[in-house]
Amino acid sequence: MPIHLRTLTASDAPAYKALRDESLRTAPEAFTSDWASTVGRDASEYAGRFGEPATGNFFLGAFDDANHLLGCVGCEREARLQQRHCAHVVSMMVAPAAQRRGIGQQLVAACIDAARQVPGLTQLLLTVTTSNTHVVRLYEQAGFRAWGLLPCAIVVDGVGYDKLHMRRLLTSPTGLDGHNQQPAP
């Protein structure tokens, strides 16, 4: 089945909310948000997250031929001047019925490609629940590398889950390789 990727717009908010609600309900350990706190939100509240890729704040959706949203991924650029070179990959979701068909891989690759076009954006950051080993592998295959672990980052039904912090460089300009280039005083 062919998949079509495109930027989400405000008109996609109801489909995004439906996918988000289903994902939070069926895989609560994969998200820092929880279903009970967000299921009552109006779909229109999400529309503000759907910007243009050139801004570094955007969501991409994967659609089937019938224009059903099967998956999405977001990119949210840091607002503070000294962190504008960073953006966070957020809200990676694929509908349970559409999983294991390469949709997630296509979404992550498209997100990286779009982020590379944003002037001044040099790295992508994300967190992933360590028990989601297939998702960790997906990010590793896309060039993300682990840099830290937060034990018991979320607690779902009394069970703690660790979150792996990952980073992917988009470019490697001199002085922005993640290490302070200033001599110690």
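**Entry: a salt bridge to start with**

I began with glutamate 45, which counts as partly exposed at 45% relative accessibility. This is a predicted model, so I keep that in mind throughout. Which residue does glutamate 45 form a salt bridge with? I found arginine 41, with the closest N and O atoms 3.1 Å apart. Arginine 41 has 29% relative accessibility, so I put it down as partly exposed too.

**Entry: the other salt bridges I looked up**

I noted five salt bridges in the structure. One of them joins the side chains of arginine 49 and glutamate 76, at 2.8 Å from N to O. Where do these two residues sit? Arginine 49 is in the loop between α2 (35-38) and β2 (57-63), while glutamate 76 belongs to strand β3 (residues 69-77). The pair therefore ties together parts that are 27 residues apart in sequence. I checked the accessibility of both: arginine 49 is partly exposed at 25%, and glutamate 76 is partly exposed with a relative accessible area of 25%.

I then went to aspartate 113 and arginine 116, which form a salt bridge with the closest N and O atoms 3.4 Å apart. Both are in helix α3 (residues 103-116), and because they are three residues apart, about one helical turn separates them. Aspartate 113 is partly exposed at 43% relative accessibility, and arginine 116 is partly exposed at 39%.

**Entry: a lysine in α1**

I looked up lysine 17, which is in helix α1. Is it buried or exposed? Its relative accessible area is 10%, so I wrote down buried. Beyond its neighbours within four places in sequence, lysine 17 is in contact with Thr38, Val39, Arg41, Asp42, Ala43 and Tyr46. Arg41 in that list is the arginine I had already met in the salt bridge with glutamate 45.

**Entry: the sheet**

I traced the sheet next. It is open and built of seven strands, in the order β1-β2-β3-β4-β5-β7-β6, with mixed pairing. Which strands are at the edges? I noted β1 (4-7) and β6, each of which pairs on one side only. From one strand to the next the twist averages 25 degrees.

At the β1 edge, I saw β1 and β2 pair in the antiparallel sense over four bridges. Leucine 5 stands opposite alanine 62 in β2.

At the β6 edge, strand β6 (residues 145-156) pairs with β7, also in the antiparallel sense, over eight bridges. Valine 156 has valine 159 in β7 as its bridge partner. The two strands make a hairpin with two residues between them, and aspartate 157 in the turn has a positive phi of about 50 degrees.

I stayed in β7 for glycine 160. Glycine 160 has a relative accessible area of 39%, so I count it as partly exposed. Not counting residues up to four places away in sequence, glycine 160 touches Cys152, Ile154 and Val155. I also checked glycine 160 against alanine 87: they are 73 residues apart in sequence and 26 Å apart in space, C-alpha to C-alpha.

**Entry: α3 and the core**

I followed α3 over the sheet. The helix lies across β1, β2, β3, β4, β5 and β7, and runs at about 150 degrees to β2.

Then I turned to the largest nonpolar core, which has 50 residues. I jotted down a general point here: in soluble globular proteins, nonpolar side chains tend to be buried together. Which members of this core touch the most other members? My list reads Leu8, Tyr16, Ile103, Val108, Leu124, Tyr139 and Phe144. At least two core residues come from each of α1 (13-26), β2, β3, β4 (86-94), α3, β5 (123-129), α4 (133-141) and β7 (159-169). Of these, α3 gives the most, with eight residues.

I looked closer at isoleucine 103. Leaving aside neighbours within four places in sequence, isoleucine 103 is in contact with Ile3, Ala62, Leu70, Val94 and Ala98. Ala62 is the residue I had noted opposite leucine 5.

**Entry: how far to trust the model**

Last, I checked the confidence. The mean pLDDT of the protein chain is 92, and 92% of its residues reach 70 or more. Over residues 179-185, though, the pLDDT is below 50, and beyond near neighbours in sequence this stretch has one contact in the model. Where pLDDT is low, the predicted coordinates should not be read in detail.

Note on methods. Residues are numbered from 1 along each chain as its sequence is written. This is a predicted model: local features need pLDDT of at least 70, side-chain atom pairs count only at pLDDT 80 or more; totals for chains, interfaces and linings use all residues. Side-chain values use heavy atoms; hydrogens and water are left out. A salt bridge is a side-chain nitrogen of Lys or Arg within 4 Å of a carboxyl oxygen of Asp or Glu. Buried means under 20% relative accessible area, exposed over 50%, partly exposed in between (1.4 Å probe, protein chains only). A nonpolar core is a set of buried Ala, Val, Leu, Ile, Met, Phe, Trp, Tyr and Cys residues joined through side-chain atoms within 4.5 Å. Contact means heavy atoms within 4.5 Å. Two strands pair if DSSP finds at least two bridges between them. pLDDT is the predictor's confidence in each residue, from 0 to 100. Axes are lines fitted to C-alpha atoms, for helices over the stretch in contact, and angles run from 0 to 180 degrees between N-to-C directions.
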